[in-house]
Amino acid sequence: MAVVGNLPRRDDEARAHLHEVAREVAPLVLARDRSVPLADPLRDLVPSGAVARGSVLRVTGRPGAGATTVAFELAAACTALGEWAVAVDLDTTLGVLAAAEAGVALERFAVVRQPPPARWATVVAALLDGVSLVVAEVPRGVGLGDARRLEARARERESVLVALETRGAVWPGGAAYALHAAASVWEEHDTGILATRRLRVEVEGRGEAARPRIGELARAG
C-alpha cells in the first residue's frame, strides 16, 4: 500500500508530483468494460449488480455506523479486477486494517493523507486521471462547481468517485446511487468475544434504484 503525505504547495513541481503519484498507481487493467461488478451482498442491492464506470456514488452514515466499511467494499470490487483504488483521507482515520477486512487488495491500494482543504478538489481530480476508483472523504464547504467538475472528470476518465460523507460534510453534486450505512451491530461468540459485525445498508438512486433496497453486510471481528 502506498501512502502520500500533504501536498501543500501550488507550484508546478507540486502538481507534477501529484500527477506522478496518479501514474504510479494507474490501473493494471484498462477500463474495457463499462461497469465494475460487485460482490455479494452489495450485488443484490445495486441494479445490475455493478457500478458503471464514470459514475459518482455517495456513501453516508453517522460515525460508527459503518460508512467507511461500505466505501471500502466498493474499493475492493476494483482491486479484485486487478485495478487500483485510492482513498483521500482527511484526518488519518481511514485505516489499512479496515480496508483489508473489507477485501481490498492492499498491493493495489493507496492513501493520500490530509490534503489541504483548498486543494482537495485538485487532488481528487488528479487521482481520477489514473485510478479506477477514488474513495474521497468530503470536506465541509465543498462547492457545487467543484463537485460538477469532479463528476465531469470521473465521466471523462471512466473512473468511479465514491464521495464519503463523514462528520457532517455533504456532497453537493449528483450521484448515481446513495449507499447509507444505517446501523452497525456486533454479535458475540458463546465465550463473550465479539465475533461478527453486521451492517445494515440502504441503497437508493434513480431509475431502477428509485425504491430503496435494504441489505446487510457481515464482517468477522
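These exercises, each with a worked solution, walk through the strands, helices and loops of the model above.

The model is predicted, so local features need pLDDT of at least 70 and side-chain atom pairs count only at pLDDT 80 or more, while totals for chains, interfaces and linings use all residues. Residues are numbered from 1 along each chain as its sequence is written, and side-chain values use heavy atoms, with hydrogens and water left out.

**Exercise 1. The chain as a whole**

Find how many helices and strands the chain has, and what percentage of its residues is buried.

Solution. Start with the elements: there are 6 helices and 11 strands. Here helices (H or I, at least four residues) and strands (E, at least two) are DSSP runs, numbered from the N terminus. Next, take burial, where buried means under 20% relative accessible area, exposed over 50%, and partly exposed in between (1.4 Å probe, protein chains only). Of the 221 residues in the chain, 48% are buried. Finally, turn to contacts, meaning heavy atoms within 4.5 Å. Among contacts between residues at least 6 apart in sequence, 70% join residues at least 24 apart.

**Exercise 2. Strand 8 and its neighbours**

Work out which way the side chains of strand 8 point, and how strand 4 and strand 7 run beside strand 8.

Solution. Begin with the general pattern: in a regular strand the side chains alternate between the two faces of the sheet. In strand 8, Val-160, Val-162 and Leu-164 point one way, and Leu-161 and Ala-163 point the other way. Both sets are covered, as 5 of the 5 residues in strand 8 (residues 160–164) are buried.

Now look at the pairing; two strands pair if DSSP finds at least two bridges between them. Strand 4 (residues 56–60) runs parallel to strand 8 and is joined to it by 4 bridges. One partnership to look for is Val-56 with Leu-161 in strand 8. Strand 7 (residues 133–137) also pairs with strand 8 in the parallel sense, over 5 bridges. There, Ala-136 stands opposite Ala-163.

Last, follow the connection: from strand 7 the chain passes through helix 6 (residues 144–157) to strand 8, a right-handed β-α-β crossover. Right-handed means that, with the strands pointing away from the viewer, the path from the first strand over the helix to the second runs clockwise.

**Exercise 3. Strand 5 and its two partners**

Decide whether the residues of strand 5 are buried or exposed, and find which residue stands opposite Ala-87 in strand 6.

Solution. Strand 5 (residues 85–89) has 5 of its 5 residues buried. Ala-85, Ala-87 and Asp-89 point one way, with Val-86 and Val-88 pointing the other way. Strand 5 pairs in the parallel sense with strand 6 (residues 109–113) over 5 bridges, and Ala-87 faces Val-111 there. The route from strand 5 to strand 6 goes through helix 4 (residues 96–101), and this β-α-β crossover is right-handed. With strand 7, strand 5 has 4 bridges, again in the parallel sense. In strand 7, the bridge partner of Ala-87 is Val-135.

**Exercise 4. Two packed helices**

Describe how helix 5 packs against helix 6, giving angle and distance.

Solution. Two packed helices are described by the angle between their axes and the distance between the axes. For helix 5 (residues 120–128) and helix 6, the angle is about 5° and the axes are 9 Å apart. Helix 5 is therefore roughly parallel to helix 6. The contact includes Trp-120, Val-124 and Leu-128 of helix 5, and Leu-150, Ala-154 and Arg-157 of helix 6, among others. By class, the contact has 8 nonpolar, no polar and 3 charged residues. Helix 5 is mostly covered, with 8 of its 9 residues buried.

**Exercise 5. Backbone in the loops**

Find which peptide bond next to Pro-41 is cis, and what phi Ser-48 and Glu-158 have.

Solution. Recall first that most residues other than glycine have a negative phi, and most peptide bonds are trans. The bond from Asp-40 to Pro-41 is cis, with omega near 0°. Pro-41 lies in the loop between strand 2 (35–37) and helix 2 (42–45). Ser-48 has a positive phi of about 70°; this residue is in the loop between helix 2 and strand 3 (50–52) and is exposed, with a relative accessible area of 73%. Glu-158 has a positive phi near 60°. This residue, in the loop between helix 6 and strand 8, is partly exposed at 21% relative accessible area.

Technical notes. Axes are lines fitted to C-alpha atoms, for helices over the stretch in contact, and angles run from 0 to 180 degrees between N-to-C directions. Angles under 35 degrees count as roughly parallel, over 145 as roughly antiparallel, 65 to 115 as roughly perpendicular and the rest as oblique. Ala, Val, Leu, Ile, Met, Phe, Trp, Tyr, Cys and Pro count as nonpolar, Asp, Glu, Lys and Arg as charged, and the others, Gly among them, as polar.
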